[in-house]
Amino acid sequence: MVTLRGERGARASCVAIGMAGVLALTGCAEGRAAGSGGSGEGVDYGATKEEYQAAFAEVAPIELHTQSPAPKGSITGRNVEEYFNAVTEWSDGKITFEVSYSNAIAPPEEADDALLDGRLDIAQVLPIYEPSEYPANAALVESSFVSDQSVVVGALQSNAWPLEVAFDTPEIPREFEDAGMKLMMPSYNSGSNALFCSDERRGLDALKGMQAAAGGHAQSRQVEGLGGAAVSVAYPELFESLQRGVVDCSVSSLTVGVLGGFIEAAPHVVVDPEAGFALAPGAMAMSQSAWDSLPLVAQQLLWDRMDVFMEVNLSGKIWPNIVEASTQVSEAGGAIETFEEDARASINETNAELLDGLRGNEAFDDPDAFADRVQGSSDAWLETIEGELGYTNETDYNGFADWYSADKVDLDPYIAEVFEEILLEHRPS
């Protein structure tokens, strides 16, 4: 539960675009969500760290209870750890976090319950685990196959357009509000999902009859469209299941492959930029009661420093894990390749059916508009990232480890664009 010690006050200063640009999840315009404005005075968009720290001078110390999905210091938990550190630094130590690691407070499927009952104040929530409770959010997750799946452009595009669709679709934040949560980051992912197999399987003849671990309706349909059978395998059991041949393949991100340690058992990997699997994005949310208890300047800082979360999710998690995964794949005698043409056509046919199926989704008042929004936003952000911002794929997944370094991709223009075009409008005020 959130702990406020001493007298609360607030004069603040908004997050600067600096660093990686402000990929906060909001904006300086009028906040639209219920409870978006806290007590005290707020600050203008673009304030420096020093201005923010000065604004916290009269704010009482605040402690927030949270958790990381990974062990302390892990690449996979780096996005949340650096976000928490940035908030503490920019608040001049007034906001601190009591962090439990490796989902010690609640497993991912129970994080929403932990926010509601006070065990957590801020957490990563995965609506795909409870599609009946979050049908609109689940539909957004299931539509993620429309994303470009390439190593650089795809990572940028797939972490941008779902934010736009989420904020432009009232049913999506409303599901969080109805569950007692403040939706902060509607969607972020760990990179493109790949097909990891114990043997090379790129064409329909080889894929026919495979048993593949998959999660969610869309992934299951995609596996079935390739002639396989989708099965449910708990994450901790993936390595043993692949090693023993209980399953032939798994639909997972390269990040999960590294975390799960199963690449050596399934080093034959398919990631096809033109035929994508549905992704497995999560969301960042806060207990609505904890959020409402904060002064405005604290709300703005938590919102604005999401730029750090998004920047590190890309440069500190997705891309380093691709480097590590490609290295492990090579050492295990495998490769990261694309589908053969018949399998690519089959995936795309299934994806077209899934997209058309969104038009009958009863989670939305206007499902046709939602389906159009998904495709339109995905296309528009691909054009923005390639055409306007000039990002390119200079290599594929196999060559990424040799090409990539921490300073290889300048994320500042991308993050500034996402913040200003999508998130700024929703900034607490």
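In this predicted model, helix α7 lies across strands β4, β5 and β11. Its direction makes about 135° with that of β5. These strands form an open sheet of 3 strands, in the order β4-β11-β5, and the pairing is antiparallel. The edges are taken by β4 (122–125) and β5 (181–188). Each has a single partner strand, so one side of each is left without a neighbour in the sheet. On average, neighbouring strands are turned by 20° against each other, direction ignored.

The pairing of β4 with β11 (residues 282–287) rests on 4 bridges, and the two strands run antiparallel. Within this pairing, Val125 of β4 stands opposite Ala283 of β11. Helix α2 (residues 78–90) also packs on the sheet. It touches β4, β5 and β11, and its direction makes about 155° with that of β4.

Helix α4 (residues 135–142) is largely enclosed by the rest of the structure, because 7 of its 8 residues are buried. The buried positions are Ala136, Asn137, Ala138, Ala139, Leu140, Val141 and Glu142. An asparagine and a glutamate are thus included in the buried set, as Asn137 and Glu142. Four helices receive the buried residues of α4: α6 (161–167), α7 (171–178), α9 (216–225) and α16 (367–388). Helix α7 therefore has two sets of contacts, with the buried residues of α4 and with the sheet strands β4, β5 and β11.Aromatic contacts come next. The whole structure holds 17 aromatic pairs. One of them joins Tyr52 and Trp90. Their ring centres are 5.9 Å apart and their planes stand at 70°, so the pair is edge-to-face. Tyr52 belongs to helix α1 (residues 49–55) and Trp90 to helix α2, so the pair ties together parts that are 38 residues apart in sequence. Tyr52 counts as buried, at 0% relative accessibility. Trp90 is buried as well, with a relative accessible area of 9%.

A second pair, Tyr134 with Phe176, is tilted. The distance is 5.8 Å centre to centre, with 35° between the planes. This pair also links distant parts of the chain, 42 residues apart. Tyr134 lies in the loop between β4 and α4, and Phe176 lies in helix α7. Both Tyr134 and Phe176 are buried.

Trp90 has a further partner in Arg305. The charged end of Arg305 sits over the Trp90 ring, 4.0 Å from its centre. Elsewhere, one aromatic cluster is formed by Tyr83, Phe84, Phe97, Tyr188 and Phe309.

The model contains 1 disulfide. It joins Cys197 to Cys249, with an S to S distance of 2.1 Å. The link is right-handed, with 105° about the S-S bond. Cys197 lies in strand β6 (residues 193–197) and Cys249 in strand β9 (residues 249–253). The two cysteines are 52 residues apart, and their pairing links distant parts of the chain. Cys197 is buried, with a relative accessible area of 1%. Cys249 also counts as buried, at 0% relative accessibility.

Notes: Residues are numbered from 1 along each chain as its sequence is written. This is a predicted model: local features need pLDDT of at least 70, side-chain atom pairs count only at pLDDT 80 or more; totals for chains, interfaces and linings use all residues. Side-chain values use heavy atoms; hydrogens and water are left out. Buried means under 20% relative accessible area, exposed over 50%, partly exposed in between (1.4 Å probe, protein chains only). Contact means heavy atoms within 4.5 Å. Two strands pair if DSSP finds at least two bridges between them. Axes are lines fitted to C-alpha atoms, for helices over the stretch in contact, and angles run from 0 to 180 degrees between N-to-C directions. Rings of Phe, Tyr and Trp (its six-membered ring) pair if their centres lie within 6.5 Å; planes under 30 degrees apart count as stacked, over 60 as edge-to-face and the rest as tilted. A charge sits over a ring if NZ of Lys or CZ of Arg is within 6 Å of the ring centre and within 35 degrees of the ring normal. A disulfide is a pair of cysteine sulfur atoms within 2.5 Å.
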